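Subject: Structure handover

Hi,

Here is the structure I promised to pass on. My notes on what turned up follow below it.

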Amino acid sequence: MARSRWSRPEWLRKRISLTELTEMRKRLAKGRINTICEEALCPNIGECFSKNQATFLILGNICTRACTFCNVTKGAPLMPDPHEPSNIAETVKTLGLRHVVITSPTRDDLPDGGAEQFCKTVDAIKSFDDSIRVELLIPDLHEKDEALKLVAESGAEIVGHNLETVPRLYHIRRGAKYERSLRVLEKLHAINPNIATKSGIMLGLGEREEEILKLMQDLLDTGCRLLSIGQYLAPSDSHVPVIEFVEPERFVFFRKEGMKMGFSYIKSSPYTRSSYMAHEYLNEP
Ligand code: SF4
């Protein structure tokens, strides 16, 4: 049965402080920066913004696909802004970030899916300070070899691509294919084994335990060793509904199972999102 977003259990009632949002928004507005934190209505926004953490959304805030779980606006996007990479680097400097996460909407309208803009943004950050760690969370880039090569060799330390859910539920990821997403991760790892590849999934969409365990094995087979697992929360009543609020103990269970299977780091809790506490993934032994 679908669950209303107004009937959340007590472990899913995080409060958001408006003061923290306003301060960070002022800083981001200076560089005309979009964040996935705001576009996706992320429930961690108060916590992350209060620590000066944000995930930058490059290539505009309009997506060419129409996933039914995602709050990013769908439509016809604008051309890439040539000033965007330097604006992001300036904002990284202002915020004093040491680990930067950059993502984009899916840009099927661009021949390279936006890969070049990802590279220019990494370049702009690294030329300011090469020791800043950069993590890219990319769309599937239609699995194009040249585009994947660009991001794999961009200088970013982590390149992620989210599977989001198990193959049986892929109808919620319109335009995406489970096997293609796995191949994206596999190719990234093959092109540049020095980068860490990462993926993320949501629970609460009706997936079964054995399906999650199989998905984890599929990820490991691509060379992926970093994984985030969080609770899906429907952004509105017109999005695909939550089927289950998964108990915190289940997140612990999947973390333990995944670590036994061979992941080097898994963050798994109801409020985990792919970029939540992203600096932790490579710091763990
Ligand atoms: S978890 Fe990620 S998307 Fe959510 S507020 Fe934090 S940095 Fe932004």
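M202 stands opposite G230 in β9. The two belong to a pairing of β8 (residues 196–203) with β9 that is parallel and spans six bridges. Strands count as paired if DSSP finds at least two bridges between them. Helices (H or I, at least four residues) and strands (E, at least two) are DSSP runs, numbered from the N terminus. Between β8 and β9 the chain passes through helix α8 (residues 209–222), in a right-handed β-α-β crossover. Right-handed means this: with the strands pointing away from the viewer, the path from the first strand over the helix to the second runs clockwise.

Two notes on the source. This is a predicted model, where local features need pLDDT of at least 70, side-chain atom pairs count only at pLDDT 80 or more, and totals for chains, interfaces and linings use all residues. Residues are numbered from 1 along each chain as its sequence is written.

Now β9 itself. Six of the six residues of this strand (residues 226–231) are buried, so the rest of the structure largely encloses it. Buried means 20 or more other C-beta atoms within 10 Å of the residue's own, exposed 12 or fewer, partly exposed in between, with C-beta atoms placed from the backbone. L226, S228 and G230 point one way; L227, I229 and Q231 point the other way.

β9 also pairs with β10 (residues 265–268), parallel over four bridges. There, L226 has Y265 as its bridge partner. The chain gets from β9 to β10 through helix α9 (residues 248–261), and this β-α-β crossover is right-handed.

The wider sheet is open. Its eight strands run in the order β1-β2-β5-β6-β7-β8-β9-β10, with mixed pairing. β1 (34–35) and β10 are at the edges with a single partner strand each, so one side of each has no neighbour in the sheet. Further in, β7 (residues 158–160) pairs with β8 in the parallel sense over three bridges. V159 stands opposite T197 in β8.

Last, the ligand. Which residues surround it? They are I36, C37, C42, N44, I45, C48, Q53, A54, T55, R273, S275 and Y276. Near means a C-beta atom, placed from the backbone, within 6 Å of the molecule or strand. α2 (36–39) and α3 (45–50) each supply at least two residues of this shell. The shell has seven nonpolar residues, four polar and one charged. Here Ala, Val, Leu, Ile, Met, Phe, Trp, Tyr, Cys and Pro count as nonpolar, Asp, Glu, Lys and Arg as charged, and the others, Gly among them, as polar.

Best wishes
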